[in-house]
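Dear colleague,

Here is the structure I promised to pass on to you. Please have it open while you read the notes below.

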Amino acid sequence: MRFNFFKFIKMDFENGENLQWEGEEPTSLATDLVDKGIVKEGTYLLDMGCGFGRNSNWLANQGAIVDAININEEELGKAKERAEGLGVAVNYVKADAGSLPFVDSSFDVLLDAGCTHMCDRETQEKSVKEAARVVKQGGYIQYFGFSKEHPSYLRNPNSSQFRDLEDIKRQYGEYFEIVGEPARKEWTHGNDKHIGLEILMKRK
Ligand SMILES: C[S@@+](CC[C@H](N)C(=O)[O-])C[C@H]1O[C@@H](n2cnc3c(N)ncnc32)[C@H](O)[C@@H]1O
């Protein structure tokens with residue numbers, strides 16, 4: 001029987017994979033932006049594929065002006081509820097990463113914490129163009145996604161989920177340059193090992 005990677009991913013989510021990002025603590029992807037002074041009071045930030053809002057809510061609490069999109073309405077509802085509970089203002093909107101409902105040059109920073117690594121290649125390509133359109137010149141993308149070192153990559157080498165630095169340069173290089181050294185992230189969830197890449201990019 002042929003191994004069905006997408007079924008595997010879906011089952012994995014149903015079995016609690018998304019518990020990893022259902023928590024309320026921000027990831028280092030978000031906290032790094034503040035530590036490096038890239039996000040400060042008044043920074044316009046888009047959290048693309050915001051999940052349950054852990055990063056959006058925290059960044060708004062740091063003084064950023066946050067828009068957050070998600071294709072998943074259930075998660076958005078939970079994110080909004082949490083923002084209300086925390087008393088932070090985030091503009092949560094249902095939208096697709098490949099078609100952003102914002103005018104050109106709206107944002108200083110776009111956070112892609114595992115969003116486009118869940119998209120097919122066509123949506124990824126659209127999303128790159130949309131990111132280039134909505135991020136101001138000199139603005140940033142903070143990107144994270146599974147890398148080709150991920151143990152599941154060999155089972156499905158054609159999946160758009162796994163990208164290495166060369167893939168990111170190929171997709172984003174026309175509009176964005178890599179800033180600093182990409183960071184390799186490795187973690188385990190249950191019995192599964194995950195390996196990803198965190199990359200900061202600057203709009204040319
Ligand atoms: C791995 S989760 C990460 C969630 C969040 N960024 C975090 O770190 O907690 C990926 C998120 O991207 C969303 N997503 C996937 N494809 C999307 C698309 N085409 N447009 C918008 N959001 C999408 C999913 O619904 C999910 O919320």
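The predictor's confidence in each residue is given as pLDDT, which runs from 0 to 100. The protein chain averages a pLDDT of 91, and 91% of the residues score at least 70. Over residues 1–17, however, pLDDT stays under 50, and the model has 8 contacts beyond four places in sequence for that stretch, a contact being two residues whose C-beta atoms, placed from the backbone, lie within 7 Å. Where pLDDT is low, the predicted coordinates should not be read in detail.

This is a predicted model, in which local features need pLDDT of at least 70 and side-chain atom pairs count only at pLDDT 80 or more, while totals for chains, interfaces and linings use all residues. Residues are numbered from 1 along each chain as its sequence is written.

Around the ligand there are 20 residues (C-beta atom, placed from the backbone, within 6 Å of it), of which Trp21, Gly49, Gly51, Ala113 and Gly114 come nearest. Helix H3 (54–61) and strand S2 (65–70) are the elements that give two or more residues to this shell; helices (H or I, at least four residues) and strands (E, at least two) are DSSP runs, numbered from the N terminus.

H3 also packs against helix H4 (residues 73–86), at an angle of about 30° and with the axes 9 Å apart, the axes being lines fitted to C-alpha atoms over the stretch in contact and the angles running from 0 to 180 degrees between N-to-C directions. H3 and H4 are therefore roughly parallel to each other, a term for angles under 35 degrees. Ser56, Asn57 and Asn61 of H3 make the contact with Ala79, Arg82, Ala83 and Leu86 of H4.

Best regards

Methods: Parallel < 35°, antiparallel > 145°, perpendicular 65-115°, else oblique.
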